[in-house]
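Colleague: I'd like a close look at one part of this protein rather than a quick tour. Could you pick one strand and walk me through its surroundings?

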Amino acid sequence: MSAVMCFQAFESIYTRVPQLIPDKKMGRQMYLCVIHFLVFLVLSCTSVEAQQCQSSGTINGINPPNNQCNTAYGAQCCEEGKSYNTFTCSPSVSGATNAILTINSFEDSGDGGAPSECDEKYHSNQDPVVALSTGWFNNMSRCNKNIIIYGNGMSVKAMVVDECDSTAGCDKDHAYQPPCDDNIVDASEAVWTALGVPSSDWGSMQISWSDDI
């Protein structure tokens with residue numbers, strides 16, 4: 001159960017408490033039972049809400065060969081002697097999953113490195129496409145499916161075409177960039193434009209997202 005569904009269940013039961021205790025003689029006993037159940041439900045909801053992904057390990061950075069790290073959109077390059085966390089999971093998905101929106105070029109020679117994993121193709125920066133952190137990418141289960149991104153008071157629908165690899169990095173296939181964090185939605189220019197974000201502010205932004213069901 002997602003955190004949103006959990007709290008919706010709590011609200012539904014809480015508002016019906018008067019209907020659940022119609023007999024005044026049994027009122028106190030029933031009331032205590034319902035209260036205990038609601039406390040249990042709240043704790044369960046809080047637990048779901050707080051689920052976080054823990055690092056699965058680290059990789060050691062290397063200095064990229066000359067001109068082999070694309071720093072477009074302010075992308076960072078791996079550094080010799082620096083350690084980078086890796087993740088095989090991502091935070092639990094809900095009806096409004098918190099994430100960090102980053103920007104990526106999915107075009108040939110862009111900062112994304114290799115072609116998109118879902119179709120082995122490059123994509124125009126004018127197409128609303130995204131890459132998701134490894135856990136959310138979920139073994140390609142979201143490939144070519146749409147998600148809805150909410151940010152800057154607006155929303156946009158975008159198609160998942162690639163993985164923002166949280167398990168590896170600092171090599172040619174990853175444009176000599178560090179592994180993605182566990183909570184990244186890496187988006188094309190078109191997504192940032194649709195959210196009404198000025199190009200001078202492109203780079204990193206708090207958002208939420210959901211599957212387009």
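Modeller: Here is a walk around strand E7, starting with the whole protein and ending at the pocket. Keep in mind that this is a predicted model.

First, the setting. The protein has 5 helices and 8 strands. Reading from the N terminus, the order is α-α-α-β-β-β-β-α-β-β-β-α-β. Of its 213 residues, 40% are buried. Among contacts with a separation of 6 or more, 73% link residues 24 or more positions apart. On the outside, the protein exposes about 11,900 Å², and carbon and sulfur atoms supply 51% of that area.

Now to the sheet that holds E7. Six strands form a closed barrel in the order E3-E7-E4-E6-E5-E8, and the pairing is mixed. On average, neighbouring strands here are turned by 45° against each other, direction ignored. In general, strands of a sheet pair through backbone hydrogen bonds, and they can do so parallel or antiparallel.

E7 has one partner of each kind. With E4 (residues 129-133), E7 (residues 184-187) pairs in the antiparallel sense over 3 bridges. With E3, E7 runs parallel, and 4 bridges join the two. Ala187 is a handy landmark: Val130 stands opposite Ala187, and Ile103 stands opposite Ala187 too.

What about the side chains? As a rule, side chains in a regular strand alternate between the two faces of the sheet. In E7, Ile184 and Asp186 point one way, while Val185 and Ala187 point the other way. All four of these residues are buried, Asp186 included.

E7 also takes part in the largest pocket, which has a volume of about 930 Å³. Its lining is made up of 38 residues, and those nearest the centre are Cys164, Gln177, Pro178, Pro179 and Cys180. Four strands each supply at least two residues of that lining: E2 (83-86), E3 (97-103), E6 (154-164) and E7.

One more spot to find on your screen is Gln52, in the loop between helix H3 (27-50) and strand E1 (57-60). Gln52 has a relative accessible area of 55%, so it counts as exposed, the cut-off being over 50%. Along the sequence Gln52 and Asp182 are 130 residues apart, yet in space they are 9.4 Å apart, C-alpha to C-alpha.

So if you centre your view on E7, look for E4 on the antiparallel side and E3 on the parallel side, with buried side chains pointing both ways from the strand.

Note on methods:
Residues are numbered from 1 along each chain as its sequence is written. This is a predicted model: local features need pLDDT of at least 70, side-chain atom pairs count only at pLDDT 80 or more; totals for chains, interfaces and linings use all residues. Side-chain values use heavy atoms; hydrogens and water are left out. Two strands pair if DSSP finds at least two bridges between them. Axes are lines fitted to C-alpha atoms, for helices over the stretch in contact, and angles run from 0 to 180 degrees between N-to-C directions. Buried means under 20% relative accessible area, exposed over 50%, partly exposed in between (1.4 Å probe, protein chains only). Contact means heavy atoms within 4.5 Å. Accessible areas come from the Shrake-Rupley method with a 1.4 Å probe; for residues, only the protein chains shown count as cover. On a 1 Å grid over the protein atoms alone, a cavity is a set of points where a 1.4 Å probe fits but cannot get out, and a pocket is an open set with protein on both sides within 12 Å along at least five of seven lines; lining residues have an atom within 4 Å of a point. Grid points are joined across faces, edges and corners, and a volume is the space filled by probe spheres set on the points.
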